[in-house]
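Colleague: Could you take me through the side-chain contacts of this chain, one question at a time?

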Amino acid sequence: NFDTGITHTEVKLLSTADPTVSFTCLPVSSSATQIVCTLLGAKSGNYNIQVTTSNGYSNKIPISIKTEMQSVSPSEGSVAGGTVLTITGGVFSTDAQQTLVYIGPENDYILCDVLTSTTDQVTCLTRPMPESFTEGADQEVLVATKIVEEAKCKNPGTCVFRYSAAATPTVTSLGGITSLEPGQSFAITGTGFTSDTTVSIN
């Protein structure tokens with residue numbers, strides 16, 4: 001029987017490949033017949049789950065952990081940044097603060113600022129294209145999730161993003177306005193605008 005509280009309850013994932021490697025599943029609740037825990041992080045691989053209670057160790061139950069990306073959408077966006085990427089796959093962290101998204105090669109990547117993270121989807125906001133990137137060239141996308149695990153693409157070449165001049169919104173005119181007063185409206189003309197466009201004055 002399990003403990004009816006989490007004070008003396010511990011859940012570990014023990015690596016079958018290396019007995020010195022283990023990861024923690026943090027107990028959220030515990031009854032005599034059920035424990036609910038949150039996995040803090042584990043690299044892809046095969047493990048045995050073992051529970052420790054005030055009565056001692058449990059038997060071991062095998063489990064596999066696999067984290068990978070399936071798609072990145074859209075595949076291109078503005079060179080000025082501001083494109084929201086949706087990355088699907090799993091198993092990601094449900095904590096956005098435990099998730100990082102990289103665009104570009106390992107030795108010359110740029111971060112994509114994470115907005116949301118669920119077990120099967122991550123969204124992030126792209127930063128401006130760095131000078132070291134080539135406009136129009138595919139850049140690999142990588143998710144680092146649950147601090148220790150990297151989610152690589154299930155089908156290499158499909159989880160990419162490219163900065164595109166053609167996809168970059170361009171302002172061509174402010175309707176002849178050179179100064180503004182509070183509450184004044186004016187028209188902005190250009191190309192590449194969408195129905196959810198916002199305007200910032202810096």
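## Salt bridges, rings and cores

Modeller: Asp113 is partly exposed, with a relative accessible area of 32%. The model is a predicted one, and I will keep to what its atoms support.

Colleague: With which residue does Asp113 form a salt bridge?

Modeller: Asp113 lies in strand S11, and its partner sits in the loop between S12 and S13, so the pair ties together parts that are 14 residues apart in sequence. The closest N and O atoms of the two are 2.8 Å apart, and the partner, at 34% relative accessibility, counts as partly exposed. That partner is Arg127.

Colleague: How many salt bridges does the structure hold?

Modeller: Besides the bridge between Asp113 and Arg127, the side chains of Glu76 and Arg162 meet in one, at 3.3 Å from N to O. Arg162 and Asp138 also meet in a salt bridge, at 2.7 Å from N to O. For the whole structure the number is three.

Colleague: Which residues are linked in a network of salt bridges?

Modeller: Arg162 meets the side chain of Glu76 in one salt bridge and that of Asp138 in another. Because Glu76 lies in strand S8 (residues 76–78) and Arg162 in strand S15, their bridge ties together parts that are 86 residues apart in sequence. Asp138 belongs to the loop between S12 and S13, so its bridge to Arg162 spans parts that are 24 residues apart in sequence. The network is made up of Glu76, Asp138 and Arg162.

Colleague: Is Asp138 buried or partly exposed?

Modeller: Burial would require a relative accessible area under 20%, whereas Asp138 has 44%. Glu76, in the network with Asp138, has 33% and is partly exposed. The class of Asp138 is partly exposed.

Colleague: Turning to the aromatic rings, why is the pair of Phe23 and Tyr47 classed as it is?

Modeller: A search of the whole structure finds four aromatic pairs. In the pair of Phe23 and Tyr47 the ring centres are 6.0 Å apart and the planes stand at 75 degrees. Planes over 60 degrees apart are given a class of their own, so the pair of Phe23 and Tyr47 is edge-to-face.

Colleague: How many residues apart are Phe23 and Tyr47?

Modeller: The pair links distant parts of the chain, with Phe23 in strand S2 (residues 22–30) and Tyr47 in strand S4 (residues 45–53). Phe23 is buried at a relative accessible area of 15%, and Tyr47 is buried at 4%. Along the chain they are 24 residues apart.

Colleague: Which residues form one aromatic cluster?

Modeller: Phe161 and Tyr163 form an edge-to-face pair, with 5.2 Å from centre to centre and 80 degrees between the planes. Phe161 is buried, with a relative accessible area of 0%, and Tyr163 counts as buried at 1%. Together with one further ring they form the cluster of Phe133, Phe161 and Tyr163.

Colleague: In the largest nonpolar core, which residues touch the most other members?

Modeller: The core has 19 residues, and the strands that each supply at least two of them include S7 (68–73), S9 (84–90), S10 (99–103) and S13 (139–145). Met69 has contacts in distant sequence positions, among them Ile87, Phe92, Val141 and Cys153. The residues that touch the most other members are Met69, Ile87, Val101, Ile103 and Val141.

Colleague: How many residues does the second, separate core have?

Modeller: This core includes Cys25, Ile35, Val51 and Ile65. Its full count is nine residues.

Colleague: Which residues make the nonpolar surface patch?

Modeller: The patch covers about 220 Å². One of its members, Leu125, is placed in strand S12 and counts as partly exposed at 30% relative accessibility. The patch is made by Val84, Leu115 and Leu125.

Colleague: What separation do the C-alpha atoms of Ser31 and Tyr163 have?

Modeller: Ser31 is found in the loop between S2 and strand S3 (35–39), where at 30% relative accessibility it counts as partly exposed. Leaving aside residues up to four places away in sequence, Ser31 touches Phe2, Asp3 and Thr4. Ser31 and Tyr163 are 132 residues apart along the chain, and their C-alpha atoms are separated by 52 Å.

Definitions and conventions:
Residues are numbered from 1 along each chain as its sequence is written. This is a predicted model: local features need pLDDT of at least 70, side-chain atom pairs count only at pLDDT 80 or more; totals for chains, interfaces and linings use all residues. Side-chain values use heavy atoms; hydrogens and water are left out. Rings of Phe, Tyr and Trp (its six-membered ring) pair if their centres lie within 6.5 Å; planes under 30 degrees apart count as stacked, over 60 as edge-to-face and the rest as tilted. Helices (H or I, at least four residues) and strands (E, at least two) are DSSP runs, numbered from the N terminus. Buried means under 20% relative accessible area, exposed over 50%, partly exposed in between (1.4 Å probe, protein chains only). A nonpolar core is a set of buried Ala, Val, Leu, Ile, Met, Phe, Trp, Tyr and Cys residues joined through side-chain atoms within 4.5 Å. Contact means heavy atoms within 4.5 Å. Patches are made of residues with over 30% relative accessible area and no salt bridge: like charges are joined within 9 Å, nonpolar side chains (Val, Leu, Ile, Met, Phe, Trp, Tyr) within 5 Å. Accessible areas come from the Shrake-Rupley method with a 1.4 Å probe; for residues, only the protein chains shown count as cover. A salt bridge is a side-chain nitrogen of Lys or Arg within 4 Å of a carboxyl oxygen of Asp or Glu.
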